[in-house]
Amino acid sequence: MGVITNLFGGANAVTALGTAARGVAEVFTPSATRQMELSAEAQMAALRQLGAEYVDPGLGWFDRMVNGLNRLPRPLLAFGTLGLFVYAMVEPESFGKRMVGLNLVPDPLWWLLGAVVGFYFGAREAFHYRRASVIAPTAPPTAEMPSLSEPNPALQAWRSAKG
């Protein structure tokens, strides 16, 4: 009964033998798990670096004012449409005259208005859609990744061997 234990030197020896076999196997076939871990670390480091470039610069009063003006058209259009219903109930004759006037506007002008409004809201929607897909930075890049200023011995050896 203890022949295998005595042959390999116990459980610790079997564990060491298995670890050594795995190390030898990884020389010929790299560990897919380790490759995925390294890939994920590199991708997260790149995303952190990219996120650090887009940190909020702190907007001034002019930028805040323009952002506020950019937010006005949709509420104005919505409340204006509701106002038209109220206007139609309060002053039906005057409302009817205004609608006859709108009926006299030529079709190409309506198409132009539709294009302007459509492109305006389409561009805003695209801007917010693209902005939502950016991952917010969690922390500045750490020292895990080598910076460009650090010497790279392998690159230096390759350059000296090359020329």
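This is a conversation about how some features of a predicted model get their names.

Trainee: Let's start with Ser 94. Why is Ser 94 called buried?

Mentor: Its relative accessible area is 16%. Buried means under 20%, so Ser 94 earns the word. You will find Ser 94 in helix H6, residues 92-103.

Trainee: What makes the pair of Ser 94 and Tyr 87 a polar contact?

Mentor: The two side chains come to 2.4 Å, and the limit for such a pair of N or O atoms is within 3.5 Å. Therefore the pair counts as a polar contact.

Trainee: And Tyr 87 itself, why is Tyr 87 called partly exposed?

Mentor: Tyr 87 has 27% relative accessibility. Partly exposed lies between the buried limit of under 20% and the exposed limit of over 50%, so the label fits Tyr 87.

Trainee: Tyr 87 also has a ring partner. How do you know that the aromatic pair of Tyr 87 and Phe 95 is edge-to-face?

Mentor: A search of the whole structure gives three aromatic pairs. In the pair of Tyr 87 and Phe 95, the ring centres are 6.0 Å apart and the planes stand at 75°. Centres must lie within 6.5 Å, and planes over 60 degrees apart count as edge-to-face, so both conditions hold for Tyr 87 and Phe 95.

Trainee: What makes Tyr 120 and Phe 121 an edge-to-face pair?

Mentor: Their ring centres are 5.0 Å apart, with the planes at 75°, so this pair is edge-to-face too. Tyr 120 is partly exposed at 28%, and Phe 121 is partly exposed at 22%.

Trainee: Let's turn to charges. Why is the contact of Arg 34 with Glu 37 called a salt bridge?

Mentor: The closest N and O atoms are 3.1 Å apart, and the cut-off is within 4 Å, so Arg 34 and Glu 37 qualify. The whole structure holds one salt bridge.

Trainee: How do you know that Arg 34 and Glu 37 are about one helical turn apart?

Mentor: They are three residues apart in helix H3, residues 32-53, which means a separation of about one helical turn. Arg 34 is partly exposed at 41%, as is Glu 37 at 38%.

Trainee: One last residue, Trp 111. What makes Trp 111 exposed?

Mentor: Its relative accessible area is 61%. Exposed means over 50%, so Trp 111 is exposed. Trp 111 sits in helix H7 and is one of the residues of a nonpolar surface patch with about 740 Å² of accessible area together. H7 gives the most to that patch, with four residues.

Conventions
Residues are numbered from 1 along each chain as its sequence is written. This is a predicted model: local features need pLDDT of at least 70, side-chain atom pairs count only at pLDDT 80 or more; totals for chains, interfaces and linings use all residues. Side-chain values use heavy atoms; hydrogens and water are left out. Helices (H or I, at least four residues) and strands (E, at least two) are DSSP runs, numbered from the N terminus. Buried means under 20% relative accessible area, exposed over 50%, partly exposed in between (1.4 Å probe, protein chains only). A polar contact is a pair of N or O atoms within 3.5 Å; within protein, one must be able to donate a hydrogen and the other to accept it, and residues adjacent in sequence count only if both atoms are side-chain atoms. A salt bridge is a side-chain nitrogen of Lys or Arg within 4 Å of a carboxyl oxygen of Asp or Glu. Rings of Phe, Tyr and Trp (its six-membered ring) pair if their centres lie within 6.5 Å; planes under 30 degrees apart count as stacked, over 60 as edge-to-face and the rest as tilted. Patches are made of residues with over 30% relative accessible area and no salt bridge: like charges are joined within 9 Å, nonpolar side chains (Val, Leu, Ile, Met, Phe, Trp, Tyr) within 5 Å. Accessible areas come from the Shrake-Rupley method with a 1.4 Å probe; for residues, only the protein chains shown count as cover.
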